[in-house]
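Reader: I would like to learn how the words used for a protein model are earned. Can we go through a few?

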Amino acid sequence: MKNILFGMWQCLRHYRRQAVIFTILGCVAVLSVISFRTMPILAQPASTSSERPAIKAPNFGRHFQEFGREGSILIYDSKNNRTYEHNPKRNATAIAPASTFKVFNALVALEIGVVPDDVAVLTWDGIHRDIDAWNHDTNLRQAFKDSTVWFYQVLARKAGYERMQQFINKVGYGNRQIGTAADIDRFWLQQPLQITPQEQIKFLQRLYQGDLPFSQRTINLVKDIMVREQTPDYTLRGKTGWLTSTKPQVGWFVGYLEQNKNVYFFATTLDMYKPEDAPIRIEITRRSLKDLGLLAHIN
């Protein structure tokens, strides 16, 4: 009998030891879970391609400071779905597109046959303007390069209010407001048409992808006249604009860079006070692209 009782007591001690061990192990496991949940988690990339996560970027603001000007820049890296920017609030603020609207205006004019191609010449009206390059007969391609306002005003008048509004609505360009029929040759210069830098990027993406209500021929022609620089390493397309109806006046530079089998869309705005400020919007854009390792020689 004593042997039986002693055996039972030994067995009980064994199971108690196991219970204590299991209890300790359980506590350790719980503490591990709690500690894991309180550990900092590294940021993960966006799960969907439609999102555009803003990541820590080079200090684009220093370029504006070097020139003593306020402004903004937005660069979108399409392959890596990354947005780089300076002055996000301004990038979300709508203003008149000024001569950057020549991209849209050219699309409409070619599509409906206002001009048959990029080299058909329109006769100068004989009115002398401050910019000498505007004071002669010209065509779509050269007028785009010189940003000849009167030429594109003629195109808009020939397109007409109703057809222009229809295309604006189809594309969803900016706030879609072009005023009345009397505003047909100035709605992009003095408002009511407005667009944000963010919306400029979206429009340019659709142009690049051919996702606009225009024929492929029209899109290809406009893409071609937008070329500013072309080397074996990259192609830079863009359009400047100068909004003179605001104080301070605002300069635009929008477009996209094809390099390294990727496309980088950009939209820059700059407060401008004198003609000498005009090149700054382009220089700041170039410096910012170089910050990303672009516009450099590729070995």
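Author: What follows is a short round of questions and answers. This is a predicted model, where local features need pLDDT of at least 70, side-chain atom pairs count only at pLDDT 80 or more, and totals for chains, interfaces and linings use all residues. Residues are numbered from 1 along each chain as its sequence is written, and side-chain values use heavy atoms, with hydrogens and water left out.

Reader: Why are H4 and H9 called oblique to each other?

Author: The axes of helix H4 (residues 102–112) and helix H9 (residues 216–225) cross at roughly 140°. Angles under 35 degrees count as roughly parallel, over 145 as roughly antiparallel, 65 to 115 as roughly perpendicular and the rest as oblique. H4 and H9 are therefore oblique.

Reader: Which residues of H4 and H9 make the contact?

Author: Contact means heavy atoms within 4.5 Å. H4 brings Val103, Ala106, Leu107, Leu110 and Glu111, and H9 brings Thr218, Ile219, Leu221, Val222 and Ile225.

Reader: What makes Phe67 buried, exposed or partly exposed?

Author: Phe67 has a relative accessible area of 27%. Buried means under 20%, exposed over 50%, and partly exposed in between (1.4 Å probe, protein chains only). Phe67 is therefore partly exposed.

Reader: Where does Phe67 lie, and which residues is Phe67 in contact with, leaving aside neighbours within four places in sequence?

Author: Phe67 lies in helix H2 (residues 61–67). Helices are DSSP runs (H or I, at least four residues), numbered from the N terminus. Beyond those neighbours, Phe67 is in contact with Ile280, Glu283, Ile284 and Arg287. Phe67 and Ile280 are 213 residues apart in sequence, yet 7.7 Å apart in space, C-alpha to C-alpha.

Technical notes. Axes fitted to C-alpha atoms, helices over the stretch in contact; angles between N-to-C directions. Helix = DSSP H or I, 4+ residues; strand = E, 2+ residues; numbered from the N terminus.
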